[in-house]
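Please look through the sequence and the three-dimensional view before reading on. The briefing is meant to be read beside them, one topic at a time.

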Amino acid sequence: MVGHTASDVPPTMAVKIFSAGVAACVADIITFPLDTAKVRLQVGSAIQGECLTSSAIRYKGVLGTIITLAKTEGPVKLYSGLPAGLQRQISFASLRIGLYDTVQDFFTTGKEASLGSKISAGLTTGGVAVFIGQPTEVVKVRLQAQSHLHGPKPRYTGTYNAYRIIATAEGLTGLWKGTTPNLTRNVIINCTELVTYDLMKEALVKSRLLADDVPCHFVSAVIAGFCTTVLSSPVDVVKTRFVNSSPGQYTSVPNCAMMMLTREGPSAFLKGFVPSFLRLGSWNVIMFLCFEQLKRELMKSRQTMDCAT
């Protein structure tokens, strides 16, 4: 991404991938309760795939959902699916973020990257990363959505148990369930998030409003998080519903979207918008701040080691 000062050493591709994976995992650990609240709110009054009695629990707002979950199912439930979430960031975020600059350079024909090359890079890295990381997304959502209340024992007892049961009961293709809406969602997220961050950072640095440092990264990340949430929220809701549905509940992704529209109205596509923004906004801030600083520190360490030898 743009904005290196003269004293900076351009990070290598390996440093970018490693930094992106670590930064994404740190951001996931801190913001995961918000993601769990978002999933519960998106799933709505009837938690698909669960026993109907579990729908007696009603969630109201972000804070209300977190408090209700902590009181009724225990604070640990807020981090249900975290191992799959971290696996997702290692296999997904490290590629879509870490390879962005490299792929952007590939699409760039002139001296400076155009908007088209930035969007192309976001589309490419986002699409590739989704296919690789989709099984971890399916397991994460299933574990976040399932409730332990009032019904028989939960479908899954843990992360690896979920992988095994899904692969056994639904076939290996079950682990790639919802790839289409997730591909759509993450292409939108990747393009909006990375391109907006890149453009905002470039504008702030070039106009000399802010230097290429923490305040600049913070402002760019917040704006990128808001823009990403606005564009991706409807697709995210459909993805969550479809991925967490029991076999046969929806015949296809469009069928899932149409059933949501007819049964719950247009507002169904904005369920969980506030936690989505809180999660994406805070996730973006933490991830980009960690990513930028980690890249610099790793390159400084490498430069120091090279000088010492």
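The points below begin with the whole chain and then turn to single helices and residues.

The model shown here is predicted. Its protein chain has 10 helices and zero strands, so that every element in the order from the N terminus is written α.

**The chain as a whole**

- Of the 309 residues in the protein chain, 54% are buried.
- When contacts with a sequence separation of 6 or more are considered, 79% of them in the protein chain join residues that are 24 or more positions apart.
- The protein chain exposes about 13,600 Å², and 70% of this area is supplied by carbon and sulfur atoms.

**Helix α3**

- Helix α3, which covers residues 82–98, bends by about 35° at Gln89, and Gln89 is also one of the buried residues of this helix.
- Because 12 of the 17 residues of α3 are buried, the helix is largely enclosed by the rest of the structure.
- The buried residues of α3 include Leu82, Phe92 and Ile97, and among them are also the arginines Arg88 and Arg96.

**Helix α7 and the residue Arg208**

- Helix α7 runs over residues 179–206, and its 28 residues should span 40 Å at 1.5 Å a residue; the C-alpha atoms at its ends are 39 Å apart, which agrees with that expectation.
- After α7 comes Arg208, a residue whose phi is positive, near 60°.

**Pro11 and a distant partner in sequence**

- Pro11 lies in the segment before α1, the helix that covers residues 13–43.
- With a relative accessibility of 11%, Pro11 counts as buried, because buried means under 20%.
- Although Pro11 and Arg296 are 285 residues apart in sequence, their C-alpha atoms are 7.4 Å apart in space.

**Cysteines**

- A search of the whole structure for disulfides finds zero.
- Cys216 has a relative accessibility of 0% and therefore counts as buried, whereas Cys227, with a relative accessible area of 29%, is partly exposed.

Definitions and conventions. Residues are numbered from 1 along each chain as its sequence is written. This is a predicted model: local features need pLDDT of at least 70, side-chain atom pairs count only at pLDDT 80 or more; totals for chains, interfaces and linings use all residues. Side-chain values use heavy atoms; hydrogens and water are left out. The bend at a residue is the angle between axes fitted to the seven residues ending there and the seven starting there. Helices (H or I, at least four residues) and strands (E, at least two) are DSSP runs, numbered from the N terminus. Buried means under 20% relative accessible area, exposed over 50%, partly exposed in between (1.4 Å probe, protein chains only). The expected span of a helix is 1.5 Å times one less than its number of residues. A disulfide is a pair of cysteine sulfur atoms within 2.5 Å. Contact means heavy atoms within 4.5 Å. Accessible areas come from the Shrake-Rupley method with a 1.4 Å probe; for residues, only the protein chains shown count as cover.
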